[in-house]
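The following exercises concern the architecture of one protein chain. Each consists of a task and a solution that proceeds step by step.

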Amino acid sequence: MAHIGTDINLAKYWLTAGNVVGMPTETVYGLAGNAFNDDAVLRIFQVKNRPHFDPLIVHADSLAKIAQFVTDFPRQARQLAEAFWPGPLTLLLPKTAAISDLVTSGLDTVAVRIPQHPLALRLLAALDFPLAAPSANPFGYISPTSAAHVAAQLGAQIPYILDGGQSAVGIESTIVGFVSGQAVVYRLGGTSVEALESVVGKVQVHTHSTSNPAAPGMLKSHYSPRKPLFLSNLATAQANWGSLTFSSVLANVPMAHQRILSPTQSYTEAAKHLFGYLRQLDDLPIEAIYAELLPEEYLGRAINDRLRRAAADH
Ligand code: TXA
Ligand code: MG
């Protein structure tokens, strides 16, 4: 069973030995391994039970380190990096041979980001290699936002989880690529489209592919609880159902089965609570979960994307 602690040196020991560890970030916890070591990268896929066509994000603590394994940094990418790194933004940039095809699933771009979490940044600064890290959940399940979430599902397979408390943002990074130098959003996430547009002007959003491996990770059914999740007919909810709402309190669902994302209708508070509340609902003695979509703006848009994918199975 994984040890849980805050010892950077212990995390560094396991990573340098080619093993994988749980790593806190401001978005969600990652399952981290040496991005330059194919055995460590293979181990990540194995522990997550992740298909090899779904590539990984590479994390580093500085632009200088990233510059060593990307061949081009388009102007809009540089503007976004300056505005939002460290932070919940991932950029797709052309890679050098230092990044193996295992990391990128054969694509010629690598996904990179500088996370905004003090422990992650200290760990990355202590290493002479970047960390490949997908979210630390079994493939398809809800992403973890605490060390306990990681331990609950992957703890038996990894030696150590670096405990950085509850993830402050709570949903994954926004993924942005560049087509003819123009920013395109491939995954909605912790940096809102409005925020991106305030820096580079109008951006395209292409997040709807379902099974196209060229735009991986946008599998329609994802972020799923085990319980069926429905997005409509809150009014018909019953005693043996649970609910996830933005701010409303429902009269027809027992209070113990209700999770309210943000009583004050704050998108950032809602994002922070989203995955933890979904896990709680999944563990309650209820048959199904009703979820209410948020207004389609700012982080509400990214939260709705997660809820729609979670509902897609049913
Ligand atoms: O916030 C986050 O991004 C978290 C933390 C740990 O950093 N990580 C994360 O990783 O969400 P993961 O593996 O769960 O999601 C990474 C997504 C996948 O959907 C993958 O398909 C996409 O990034 N991706 C990675 N490399 C790509 C590439 N070269 N082109 C297109 N998509 C890529
Ligand atoms: Mg994930």
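**Exercise 1. Two neighbouring helices**

Is the crossing of H9 and H10 left-handed or right-handed? Determine also how the two helices are oriented and which residues form their contact.

Solution. The model is a predicted one.

Step 1. Locate the helices: H9 covers residues 267–283 and H10 covers residues 298–311. Their axes are 8 Å apart, and the packing angle is about 25°.

Step 2. Classify the angle. Angles under 35 degrees count as roughly parallel, and H9 is therefore roughly parallel to H10.

Step 3. Assign the handedness: H9 and H10 cross in the left-handed sense.

Step 4. List the contact. H9 contributes Tyr267, Thr268, Ala270, Ala271, Leu274 and Phe275, which meet Tyr298, Leu299, Gly300, Ile303, Arg306 and Leu307 of H10. Sorted by class, the contact of H9 with H10 comprises 9 nonpolar, 2 polar and 1 charged residues.

**Exercise 2. A sheet and the helix across it**

In what order do the 4 strands of the open sheet stand, and which strands are at its edges? Describe the placement of H9 relative to these strands.

Solution. Step 1. Read the order: the open sheet runs E12-E15-E13-E14, with parallel pairing.

Step 2. Identify the edges. E12 (229–230) and E14 (258–260) each have a single partner strand, so one side of each lacks a neighbour in the sheet.

Step 3. Examine one pairing. E12 is joined to E15 (residues 288–291) by 2 bridges in the parallel sense. Within this pairing, Leu229 has Ile289 of E15 as its bridge partner.

Step 4. Add the helix. H9 lies across E12, E13 (241–245), E14 and E15, and runs at about 175° to E13.

**Exercise 3. The division into domains**

How far apart are the C-alpha centres of domain 1 and domain 2, and how many residues of each are in contact?

Solution. Step 1. Set the bounds: domain 1 spans 3–205 and domain 2 spans 229–310.

Step 2. State the separation: the C-alpha centres of the two domains lie 27 Å apart.

Step 3. Describe the contact: 25 residues of domain 1 touch 17 residues of domain 2.

**Exercise 4. Two oblique helix pairs**

Analyse the packing of H1 with H6 and of H4 with H8.

Solution. Step 1. Begin with H1 (residues 8–16) and H6 (residues 118–126), whose axes come within 10 Å and cross at roughly 50°. H1 is therefore oblique to H6. The crossing of this pair is right-handed.

Step 2. Name the residues of this first contact. Ile8, Ala11, Lys12 and Leu15 of H1 meet Leu119, Arg122, Leu123 and Ala126 of H6. The contact of H1 with H6 contains 6 nonpolar, no polar and 2 charged residues.

Step 3. Turn to H4 (residues 75–84) and H8 (residues 193–200), which pack at about 120° with axes 10 Å apart. H4 and H8 are therefore oblique to each other. Their crossing is right-handed.

Step 4. Name the residues of this second contact. H4 supplies Gln76, Gln79, Leu80, Ala83 and Phe84, while H8 supplies Ala195, Leu196, Val199 and Val200. The contact of H4 with H8 divides into 7 nonpolar, 2 polar and no charged residues.

**Exercise 5. Backbone features around E5**

Which residues does the cis peptide bond join? Where is Ser105 placed, and with which strands does E5 pair?

Solution. Step 1. Recall the background: most residues other than glycine have a negative phi, and most peptide bonds are trans.

Step 2. Find the cis bond. Trp85 and Pro86 are joined by a cis peptide bond with omega of about -5°. Pro86 belongs to the loop between H4 and E5 (89–94).

Step 3. Find the positive phi. Ser105, a residue other than glycine, has a phi near 55°. Ser105 is in the loop between H5 (101–104) and E6 (109–113).

Step 4. Trace the partners of E5. E5 and E9 (residues 174–179) pair in the parallel sense over 3 bridges, and Leu91 has Val176 of E9 as its bridge partner. E5 and E6 run antiparallel and are joined by 4 bridges; here Pro94 is partnered by Thr109 of E6.

Definitions and conventions:
Residues are numbered from 1 along each chain as its sequence is written. Chains are lettered from A and ligands numbered from 1 in the order in which they are written. This is a predicted model: local features need pLDDT of at least 70, side-chain atom pairs count only at pLDDT 80 or more; totals for chains, interfaces and linings use all residues. Side-chain values use heavy atoms; hydrogens and water are left out. Axes are lines fitted to C-alpha atoms, for helices over the stretch in contact, and angles run from 0 to 180 degrees between N-to-C directions. Angles under 35 degrees count as roughly parallel, over 145 as roughly antiparallel, 65 to 115 as roughly perpendicular and the rest as oblique. A crossing is left-handed if the near helix is turned anticlockwise from the far one by less than a right angle, and right-handed if clockwise. Contact means heavy atoms within 4.5 Å. Ala, Val, Leu, Ile, Met, Phe, Trp, Tyr, Cys and Pro count as nonpolar, Asp, Glu, Lys and Arg as charged, and the others, Gly among them, as polar. Two strands pair if DSSP finds at least two bridges between them. Domain bounds come from an automatic or database domain assignment.
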